[in-house]
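Okay, thanks for coming, everyone. I'd like to walk you through one structure today, so have a look at the screen and stop me whenever you like.

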Amino acid sequence: MRIKKRSRKWDLVVPVPALFQDCKAEVRIPHTSSVKGCHSCLRLGRSVCVECMASGRRQCGLCSGSGWYFNNQCLACGGTGIAVCISCGGMGSTVCSTCYGKGKLLWFLKLKIKWKNNIHKTVLYKHSELPIDQLEKVIGENLFTEMNQLVYPVVSFPDNAVNAASREAVRAHQAQFSTTCRILQQRQTIELIPVTRVHYSWKEKTHIYFVYGAEHKVYTKDYPVKCCCCSIL
Ligand SMILES: [Zn+2]
Ligand SMILES: [Zn+2]
Ligand SMILES: [Zn+2]
């Protein structure tokens, strides 16, 4: 198989990770490999040592090049003021870091793949005092689940607003992703999250709180006394 056109990238068989989870992978495209000479070292496998500019020698670090150390001849350089370059061991060159000394490189096309779980959520019958993000933290009662490569809009749910929301979600997903991505699988669920609005009086003032989700979580914006724990079961 030879990849000739951009569109043929979908022909490459790649193991699919777990569905509905974000993931990344890189795959070498078959039949695109070739060996070329290393451009960094011109196939030599070694590069000029930048520490000594290929001389293999450097100023002695102990005597700073003077040849003398506390009025005595420097023992490190024998009084020459010059020492062997530590970086290259005096060779004036180092192993090429691009080809690791091989002098050649393997070139190939690499396909980068990103799996992304794109979620479209619609909350119907919102309470203005109960933030939507609170509802995302709880479990509701699952009324409907469909999983397929492409799901269809729900048309026969007793509440028409749910049908309309499903229609819009399927349309929006198709419009946004069908041309730029490959849709592997879609899952559509309808959940019913029970929400109870409770009015109560405290010191002659009326307040409200919400009990919501299967876990019976409690939310209130203006709890009058914040010194005790409240749990409703
Ligand atoms: Zn050097
Ligand atoms: Zn020295
Ligand atoms: Zn090289």
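Let me start with a word I'll use a lot: buried means under 20% relative accessible area, while exposed means over 50%, and anything in between is partly exposed. By that yardstick, Cys38 and Cys41 are both buried. And before I go on, please keep in mind that this is a predicted model.

So what are those two cysteines up to? Cys38 and Cys41 are protein donors of the zinc ion that's ligand 3, together with Cys96 and Cys99. In each case the donor atom is SG, and the distances to the zinc run from 2.3 to 2.4 Å. The four donor atoms subtend angles of 102 to 114 degrees around ligand 3, and that's why we call the arrangement tetrahedral. For comparison, the ideal angle for four tetrahedral donors is 109.5 degrees. If you read along the chain, the donor residues for ligand 3 are spaced C-x2-C-x54-C-x2-C. Cys99 is buried too, because its relative accessible area is 4% and the limit is 20%.

Next zinc. Which residues hold ligand 2? Here the donors are Cys60, Cys63, Cys74 and Cys77, again through SG, at 2.2 to 2.4 Å. The angles among the four donor atoms are 101 to 119 degrees, and the site is tetrahedral. The spacing for ligand 2 reads C-x2-C-x10-C-x2-C. Now look at where two of these sit: Cys60 is in the loop between β4 (57-59) and β5 (68-69), and Cys74 is in the loop between β6 (72-73) and β7 (82-84), so this pair ties together parts that are 14 residues apart in sequence. As for accessibility, Cys60 comes out at 3%, so it's buried. Cys74 is buried as well, with 1%, and Cys63 is buried at 5%.

Then there's ligand 1, also a zinc ion. Its protein donors are the SG atoms of Cys49, Cys52, Cys85 and Cys88, lying 2.2 to 2.3 Å away. This site is tetrahedral, with angles of 101 to 116 degrees among the four donor atoms. Along the chain, the donors of ligand 1 go C-x2-C-x32-C-x2-C. And here's a link between distant parts of the chain: Cys49 is in the loop between β3 (46-48) and β4, Cys85 is in the loop between β7 and β8 (93-95), and they're 36 residues apart. Cys49 and Cys85 are both buried.

With that many cysteines around, you might wonder: how many disulfides are there? A disulfide is a covalent bond between the sulfur atoms of two cysteines. If we ask for a pair of cysteine sulfur atoms within 2.5 Å, the count comes to zero.

Okay, on to the rings. There are two aromatic pairs in the structure. One of them is Tyr69 with Phe70, an edge-to-face pair with 4.9 Å between centres and 75 degrees between the planes. Tyr69 is partly exposed, at 36%, whereas Phe70 is exposed, at 67%. The other pair is Tyr200 and Tyr209: the centres are 5.5 Å apart and the planes are at 55 degrees, so that one counts as tilted. Tyr200 has 19% relative accessibility, so it counts as buried.

Phe70 deserves a second look. It lies in the loop between β5 and β6, and its phi is positive, about 50 degrees, although it isn't a glycine. Tyr100 does something along those lines, with a positive phi near 55 degrees. You'll find Tyr100 in the loop between β8 and β9 (104-107), and it's exposed, at 66%.

We also have arginines over rings. Arg28 lies over the face of Phe108, at 4.2 Å from the ring centre. The charged end of Arg187 sits over the ring of Phe20, 4.2 Å from its centre.

Last, the overall layout. The protein is divided into domain 1 (6-33 + 108-115), domain 2 (50-91) and domain 3 (125-140 + 193-233). How far apart are the centres of domain 1 and domain 2? Taken over C-alpha atoms, it's 53 Å. And one contact to look up later: Ile119, in the loop between β10 (110-115) and α1 (132-135), has its C-alpha 9.8 Å from that of Gln186, 67 residues along the chain. Ile119 is exposed, at 63%.

That's it from me, happy to take questions.

Conventions. Residues are numbered from 1 along each chain as its sequence is written. Chains are lettered from A and ligands numbered from 1 in the order in which they are written. This is a predicted model: local features need pLDDT of at least 70, side-chain atom pairs count only at pLDDT 80 or more; totals for chains, interfaces and linings use all residues. Side-chain values use heavy atoms; hydrogens and water are left out. Donors are N, O and S atoms within 2.8 Å of the metal (3.2 Å for Na, K and Ca); water is not among the atoms, so sites may look incomplete. Four donors count as tetrahedral if all angles lie between 85 and 135 degrees; four count as square planar and six as octahedral if opposite donors are over 155 degrees apart and all others between 65 and 115; anything else is irregular. Buried means under 20% relative accessible area, exposed over 50%, partly exposed in between (1.4 Å probe, protein chains only). Domain bounds come from an automatic or database domain assignment. Rings of Phe, Tyr and Trp (its six-membered ring) pair if their centres lie within 6.5 Å; planes under 30 degrees apart count as stacked, over 60 as edge-to-face and the rest as tilted. A charge sits over a ring if NZ of Lys or CZ of Arg is within 6 Å of the ring centre and within 35 degrees of the ring normal. Helices (H or I, at least four residues) and strands (E, at least two) are DSSP runs, numbered from the N terminus.
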